[in-house]
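Visitor: I am new to this structure and would like a close look at one part of it. Please take me through it step by step.

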Amino acid sequence: MKEKHGYFIEDLEVGMTAVFAKTVSEADITMFAGISGDTNPVHLDQSFAEKTMFAGRIAHGMLSASFISTVFGTRLPGPGCIYLRQDLRFKAPVKVGDTVEARVTVKEIQAEKKRVVFDTVCCVGDTVVLEGEATLMVHRRRDVLGEPEAPGNDVAAPVQAAE
């Protein structure tokens with residue numbers, strides 16, 4: 001169990017950051033439409049999308065938002081965390097070929113409640129495409145492993161450093 005688990009709440013500090021980046025492909029948009037059922041033509045039909053304010057097709061906003069979930073589930077806090085809440089504000093479109101960088105930063109730790117609040121942001125280059133705040137449940141070491149709260153040899157691998 002401990003080799004699969006990410007950070008425990010005792011391992012986290014305000015300011016810790018992790019990122020995930022992905023270049024959005026045509027296939028990503030098509031598959032996301034199929035999985036989600038969101039077949040809005042602004043995502044799938046170039047001639048329709050050309051007549052919109054975006055002047056062409058855009059990726060689903062929730063596709064970019066899903067990259068935040070990737071960071072949480074795989075990097076910080078990592079495996080074992082539970083997503084409780086996410087506030088999102090969509091700021092700019094993402095198009096095929098754009099590389100989206102999702103970044104999460106520990107904002108507040110509520111150890112007694114096993115809750116951690118994160119600032120969340122996705123960017124394409126210097127452009128913020130979405131921003132928000134998330135709350136996750138992060139387990140205590142003793143609740144999962146039955147071990148003391150002091151970090152030991154089971155601490156997760158270091159988080160990718162922020163730039």
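Visitor: Let us start from one residue: does Phe 20 count as buried or exposed, and what is its relative accessibility? From there, please show me what surrounds it.

Guide: Happy to! One thing to keep in mind as you look: this is a predicted model. Phe 20 has a relative accessibility of 18%; the limit for buried is under 20%, so Phe 20 counts as buried.

Now look for a ring beside it. The whole structure holds three aromatic pairs. In one of them, the ring centres of Phe 20 and Phe 67 are 5.8 Å apart and the ring planes meet at 55°, so this pair is described as tilted. Phe 20 belongs to strand 1 and Phe 67 to helix 4, so the two rings tie together parts of the chain that are 47 residues apart in sequence. Phe 67 counts as buried too, because its relative accessibility is 5%.

That brings us to helix 4, the part I would like you to study. Helix 4 runs over residues 61–74, which makes 14 residues. From first C-alpha to last, helix 4 reaches 21 Å, close to the 20 Å expected at 1.5 Å a residue. Besides Phe 67, the buried residues of helix 4 include Leu 63, Ser 64, Ala 65, Ile 68, Val 71 and Phe 72. Their cover comes from several directions in the chain: it includes strand 1 (17–23), helix 1 (26–36), strand 2 (82–90), strand 3 (99–110), strand 4 (115–124) and strand 5 (127–137).

Two of these buried residues deserve a pause. Ser 64 lies in helix 4, and its relative accessibility of 3% is why Ser 64 counts as buried. Leaving out neighbours within four places in sequence, Ser 64 is in contact with Val 94, Val 100, Cys 122 and Leu 130.

Phe 72 is the other. Setting aside residues up to four places away in sequence, Phe 72 touches Pro 77, Gly 78, Cys 81, Tyr 83, Gln 86, Val 104, Phe 118, Thr 120, Ala 134 and Leu 136. Two of those partners come back in another role: ring pairs join Phe 72, Tyr 83 and Phe 118 into a cluster.

Let us step back to the core. In soluble globular proteins, nonpolar side chains tend to be buried together. Here the largest nonpolar core has 32 residues, and those with the most contacts inside it are Val 24, Phe 72, Leu 76 and Phe 118. Strand 1, helix 1, helix 4, strand 3, strand 4 and strand 5 are the elements that each give two or more residues to this core. Helix 4 gives the most, with six residues.

Next, turn to helix 1, part of the cover over helix 4. Asp 28, Ile 29, Phe 32 and Ala 33 are buried in helix 1. Their arc around the axis is only 130°, so these residues sit on the same side of helix 1. The face turned away from that buried side carries the exposed residues Gly 34 and Ile 35. Strand 1, helix 2 (41–44) and helix 4 are among what covers the buried residues of helix 1. After helix 1 comes Gly 37, with a positive phi near 85°.

Asp 28 also has a charged partner. Its side chain meets that of Lys 22 in a salt bridge of 2.9 Å, N to O. Asp 28 is buried, with a relative accessible area of 14%, whereas Lys 22 is partly exposed at 27%. A search of the whole structure finds 13 salt bridges.

To finish, look at the strands. Arg 85 forms a salt bridge with Glu 133, their closest N and O atoms lying 3.8 Å apart. This pair links distant parts of the chain, with Arg 85 in strand 2 and Glu 133 in strand 5, 48 residues apart. Lys 107 and Asp 119 form another salt bridge, with closest N and O atoms 3.8 Å apart. Lys 107 is in strand 3 and Asp 119 in strand 4, 12 residues apart. Through shared partners, salt bridges join Arg 85, Lys 107, Asp 119 and Glu 133 into one network.

Note on methods: Residues numbered from 1 in each chain as written. Predicted model: local features only at pLDDT ≥ 70, side-chain atom pairs only at ≥ 80, totals over all residues. Heavy atoms only, no water. Helix = DSSP H or I, 4+ residues; strand = E, 2+ residues; numbered from the N terminus. Expected span 1.5 Å × (residues − 1). Buried < 20%, exposed > 50% of the residue type's maximum accessible area, 1.4 Å probe, protein only. Contact = heavy atoms within 4.5 Å. Phe/Tyr/Trp six-rings, centres within 6.5 Å; stacked < 30°, edge-to-face > 60°. Core = buried A, V, L, I, M, F, W, Y, C linked by side-chain atoms within 4.5 Å. Salt bridge = Lys/Arg side-chain N within 4 Å of Asp/Glu carboxyl O. Arc of directions from axis to C-beta.
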